[in-house]
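User: Please take a close look at a single part of this model, the surroundings of one loop residue of your choice. Set out the chain as a whole beforehand, and then work outward from that residue in one connected account.

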Amino acid sequence: VDESRMRANIEALQGLVSAEAVSMLLASAMGKAPAHALMESLTRQALASGRHLRDVTLEAITRDAALAG
């Protein structure tokens, strides 16, 4: 197993691999359906901008303190 190659492949996905896990965390603060809708929107933003989902999500949390739990 080439760990550095695996890490590079995961990073190439712009963090999208963690979208479901983040959605479940957000669900505790806002409910499952709204969290899913928010993650869908944030995922689209990440893809459109070429940015990592982590960065887009952190910005959304910074803008809306209610998301921080």
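Analyst: The protein chain has an accessible surface of about 4,800 Å², and carbon and sulfur atoms supply 59% of that area. The model is a predicted one. Its protein chain holds four helices and zero strands, and the order along the sequence is α-α-α-α. Along the principal axes, the C-alpha atoms occupy a box of roughly 40 × 25 × 20 Å. The chain has 69 residues, and 25% of them count as buried. Among contacts with a separation of 6 or more, 45% are between residues 24 or more positions apart. As for charge, the mean position of the 7 positive charges and that of the 8 negative charges are 3 Å apart.

The part chosen for the close look is His52. This residue sits in the loop between α3 (32–49) and α4 (53–63). Is His52 buried or exposed? His52 counts as buried because its relative accessible area is 15%, and the cut-off for buried is under 20%.

Two polar pairings involve the His52 side chain. One of its polar atoms lies 3.0 Å from the backbone nitrogen of Arg54. The other pairing is between side chains: His52 and Glu11 are joined by a polar contact of 3.4 Å. Beyond its neighbours within four places in sequence, His52 is in contact with Glu11, Gln14, Gly15 and Ala46. Glu11 thus appears both in this contact list and as a polar partner of the His52 side chain.

Gln14, one of the residues that His52 contacts, is itself a loop residue, placed between α1 (3–12) and α2 (19–30). The contact between His52 and Gln14 therefore joins two loop residues, since Gln14 is in the loop from α1 to α2, His52 is in the loop from α3 to α4, and both count as buried. For Gln14 the relative accessible area is 18%, which is under the 20% limit. The backbone of Gln14 also deserves a note: its phi is near 60°, a positive value in a residue other than glycine. Most residues other than glycine have a negative phi.

Ala46, another contact of His52, leads to the nonpolar interior. Ala46 belongs to the largest nonpolar core, which has 11 residues: Ala19, Leu26, Ala27, Ala35, Met39, Leu42, Ala46, Leu53, Val56, Ala60 and Leu67. Helices α2, α3 and α4 are the elements that give two or more residues to this core, and α3 gives the most, with four residues. Met39 is also one of the core residues. Between Met39 and His52 there are 13 Å from C-alpha to C-alpha, for a separation of 13 residues in sequence.

From Met39 the account can move on to Ser23, a residue of helix α2. Ser23 touches Met39, and also Ala35 and His36, when residues up to four places away in sequence are not counted. With a relative accessibility of 5%, Ser23 is buried. Seen from Ala35, another core member, the list of residues touched beyond four places in sequence is Ser23, Leu26, Ala27 and Met30. Leu26 and Ala27 are, like Ala35, part of the core.

A serine elsewhere in the chain offers a contrast. Ser4 is placed in helix α1 and is exposed, with a relative accessible area of 55%. The side chain of Ser4 makes a polar contact of 2.9 Å with the side chain of Asp2. Asp2 is in the segment before α1 and is partly exposed, at 47% relative accessible area. Ser4 lies 25 Å from Thr43, C-alpha to C-alpha, with their positions 39 residues apart in sequence counted as the separation.

To return to the residue of interest, His52 is a buried loop residue with polar partners in the Arg54 backbone and the Glu11 side chain, and with further contacts that include Gln14 and Ala46.

Terms used: Residues are numbered from 1 along each chain as its sequence is written. This is a predicted model: local features need pLDDT of at least 70, side-chain atom pairs count only at pLDDT 80 or more; totals for chains, interfaces and linings use all residues. Side-chain values use heavy atoms; hydrogens and water are left out. Buried means under 20% relative accessible area, exposed over 50%, partly exposed in between (1.4 Å probe, protein chains only). Contact means heavy atoms within 4.5 Å. Accessible areas come from the Shrake-Rupley method with a 1.4 Å probe; for residues, only the protein chains shown count as cover. Lys and Arg count as positive and Asp and Glu as negative; His and the chain ends are not counted. The place of a charge is taken as NZ of Lys, CZ of Arg, CG of Asp or CD of Glu. A polar contact is a pair of N or O atoms within 3.5 Å; within protein, one must be able to donate a hydrogen and the other to accept it, and residues adjacent in sequence count only if both atoms are side-chain atoms. A nonpolar core is a set of buried Ala, Val, Leu, Ile, Met, Phe, Trp, Tyr and Cys residues joined through side-chain atoms within 4.5 Å.
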